[in-house]
Amino acid sequence: MKLGYFPGCSLQGMDIDFNESVFALARRTDLHLIEIPDWNCCGSTSAHNVSHLLSLALPARILALAEKAGLDEILVPCSACYQRLMTAQHELLENDELRKEVVDIIEMDYKGTSKILNIIEGMVKIFSGAELKIEKPLNAKVACYYGCLMVRPPKVMKFDRAEDPQSMDELMKKFGADPVDWPFKTECCGAGLTLTRTDLVCKLSAKVIESAIKNGAEIIIVACPMCHANLDMRRADIEKAAGKKYNIPVLYITQAIGLALGINEKELGMHRHFVPFVLPEQPKAAPSAKPAEPAKPEVGEKPAAGAEE
Amino acid sequence: MSRIGVFICHCGENIAGTVDVAKVAEAASKIPGVALAVDYKYMCSDPGQNMIKDAIKEKKLTGVVVAACSPRMHEPTFRNACAEAGLNPFLCEMANIREQCSWVHEKSDVTTAKAIELVRVIVEKVKRNKPLYPIKVPVTKTALVLGGGIGGIQAALDIANAGHKVILVEKQPSIGGHMAQLSETFPTLDCSQCILTPRMVEVARHPNITLYTYSELESLDGFIGNFKARIRKKARGVDEKLCTGCGVCMQKCPQKKIPSEFDAGLGKRPAIYVPFPQAVPNKPVIDREHCTYYKKGKCRVCEKFCEKKAVRLDQQDEIIEVDVGAVVAATGYDIKGTDFFPEYGYGKYPDIINGLQFERLASASGPTLGAIKRPSDGKEPETIVFVSCAGSRDPAKGINYCSKICCMYTAKHAMLYKHKNHHGKAYVFYMDIRAGGKMYEEFVRRAIEEDGVVYIRGRVSRIYQEDGKLVVKGADSLLGGEPIEIKADLVVLATAMVANSDAEQLAQKLKVGYDPYHFLSEAHPKLRPVETNTAGIFLAGAVQAPKDIPETVATGSAAAAKVIGLFSSAELSREPVIAVVNRLPPPQFSTCTGCFLCEKACPFQAIEREEIKDRKGNVIKVVAKVNPGLCQGCGTCVALCRVKAIDLQGFSNEQILAEVLAL
């Protein structure tokens, strides 16, 4: 399978482990990721605070480059990038005047032919239909945390059920995890306020973590670099603010899938987490009822290597 | 040679401000066949009409063209004026130089030129107009009222009291509608059933009303004054004549766990049941979907215990055909369930209920006998949150309109709760309070000021369960958007009022219009609120749009008044703008070749087959014939006829062509 790829800046820096795990999965499956040549920043939260036109022109350039490169579908793992690209696509296709103006600015034509996939859509695409070789079913209760950007505003994103999305839960079930029903799936973690209003981020993120734990989750699975940064990297601050210790680890959806497929933890960037990840104990004996895989290449439980820190 | 009079109206500044009317008059006077062309300030005024009348007499006009506004409002005015002067009214036509010219263009010579063109076109048409005469049709003085809620009851009683027969059809086993489910009514807090049930009884006893409950309209054919309705009387499973309504069958029925529709799912009922104690008629029906006998082929307990031997397990649906002259659609509304709201848990939390369910909790005849208890564990809630505009006024939910009744019933609910639980806390989240109505605003103030209901202006973003409480997250938009979290025991969503799920099918059966929300469309939102665009079909109550009880009753009476008006004469006259199939002398008889494509195309089943016979009675030719009572003058057959044998009276092919050529 061939997919265009837009890593955005997060996946090049702070969330390099997200990038690593995407590529680890690509290596495992027959996925060929083609990075959009000469891509630029999507504008993120900053651009649309400054200029509406700029906030459209930046993503429009990325999309135009993708079109030029003949990429019919682009995988965009970062939720913020995904949201900016979707918004630009939506606005430009709705308003031809605006589209012409932006085309003029970026000095490239833009038709809107490249389909934008978020990481969940990407994973569904890659793993639906494909025969799964699940070596280590996750066997844990997971809270699927979609974050706020991926689903909102619904009329632009048109992704899943905006208030109670299910696609990640379904995907996690496939990989042997047990997704819990919890109400904070699309609540805000504090996102970009992490530098300017850390206090707020701690408060909001604490609520998310608290709700996940309360509903029985052992792992939080995220699909957004910002969510990961806040729930994982800010954990010490969150704990300080809440006056409580939380041990619950936070994994990218790609890492969780990678683990289930038996990909080496280092390759998935698991060592980069602030909150150490320990694979929940696998029930010994009795092959688990759920993923009845005919081919069991390696039943031997290699006790999870534990977190490398 | 035609002698056409052209009368050009200034309509004050409306036309004369943009169009040079004098020039139009001058140009019109030069059109061949025009005997007179004048302009005047207000043609529709008495002096204006007199000008036309005098001219008809003095100039012996053979046709009249009034160049003024759209024919929609004033065509009858001018046609009547012509008729008074002895000219066939269908020889008078209007050229629309206001809506189609002066209002939509700037003042210029081109605009005036267009007005002249429009006049010329109509003059050419009128030259070819023929005198036409209204069609008379008889009226069946029986009304069909669909829906036995308060709107239908009101319409039925009003029509019946005026001395006409009424057939009242109700889908449910009993009449009463949603009003029967309500506890108390705003703004007077009088008991809903106490004011409704006497009306229900009156319906049942009225000699002019035939009541069909557990029945639905199957189809409706015909036209105003002459409809044919087929009503499906669903198999009740009980012989209504023998049944005394003793209720033994209901007590003995082993199936007792079926969620009661009347109690909005909060109570239970058996498989053989009457929906509520005051039901009219008080005769049970068997719910075949849940009855053990129909599912497993045995049981028959009700049959065994019925002393009157009234149970009929093998009863079949019955189709009843009736002739009626008018139809009142009063089929009411539905409300959204709590499962419509993903952010409020998709209906998975039992203690989030909708307004109708709260009515049942608060009602003395309800599952809790009027005690406010939450469904999950039967505890009395200490904190209740009411969420108004749940779905309504929310384009993201696809419901842009205001449901109109929720502000009032939410205030009532909060009040009823506070009256029953003095120490309880009641919160209302609202967007705006819409309390337009007599004593309505006062009622809401009373809830806030006297009963201490806490109103918070803001919307609820999410509700979830935590530690046995429902956490209601919202924001107080009056206090700077401060986030609010209330831990509630019970949440009541004032869910949106929506059209019935089968409203679209009903509209199609009745051949009336409906809006994007499937509410049936009135003929004019202000001036013809209870009529539809299909003559003889009227609307009452919330089938047209969300309405409260007073408004529903008012529209019920209004629809009844329209029906009574219709029934006040023995014959109706209709505009003769209908299709006709030409007739020629023998041996051709008609250019119609008898292909009957028109028969298939006619949306009103107005095409009949006529056999032309010789003197011995042998059929020479079969040709199409238009039933003048059924034809609505849509022109589909005219366009389709391959040999141009059909023409529309008043809009003949010749007339239209003349108009085109005149341009």
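Helices here are DSSP runs of H or I with at least four residues, and strands are E runs of at least two, numbered from the N terminus. With that in hand, open the model, which is a predicted one, and follow along through four stops in the backbone.

Start in chain A with Asp160(A). You will find Asp160(A) in the loop between H7 and helix H8 (167-174). Check its phi: the value is positive, about 55°, although Asp160(A) is not a glycine. Is Asp160(A) buried or exposed? Turn on the surroundings and count: 22 other C-beta atoms lie within 10 Å. The cut-off for buried is 20 or more, so Asp160(A) is buried.

Stay in chain A and select Arg152(A) and Pro153(A) together. The peptide bond from Arg152(A) to Pro153(A) is cis, and its omega is near -10°. Pro153(A) sits in the loop between strand E5 (141-145) and helix H7 (154-157).

Now move to chain B and pick Lys60(B). Its place is the loop between helix H3 (46-59) and strand E3 (63-68). Lys60(B) is a residue other than glycine with a positive phi, near 50°. Around Lys60(B) there are 11 other C-beta atoms within 10 Å. A residue with 12 or fewer counts as exposed, so Lys60(B) is exposed.

For the last stop, select Phe186(B) and Pro187(B). Which kind of peptide bond joins Phe186(B) and Pro187(B)? The bond is cis, with omega about -5°. Zoom out a little to see Pro187(B) in its loop, between strand E8 (184-185) and strand E9 (190-191) of chain B.

Key. Residues are numbered from 1 along each chain as its sequence is written. Chains are lettered from A and ligands numbered from 1 in the order in which they are written. This is a predicted model: local features need pLDDT of at least 70, side-chain atom pairs count only at pLDDT 80 or more; totals for chains, interfaces and linings use all residues.
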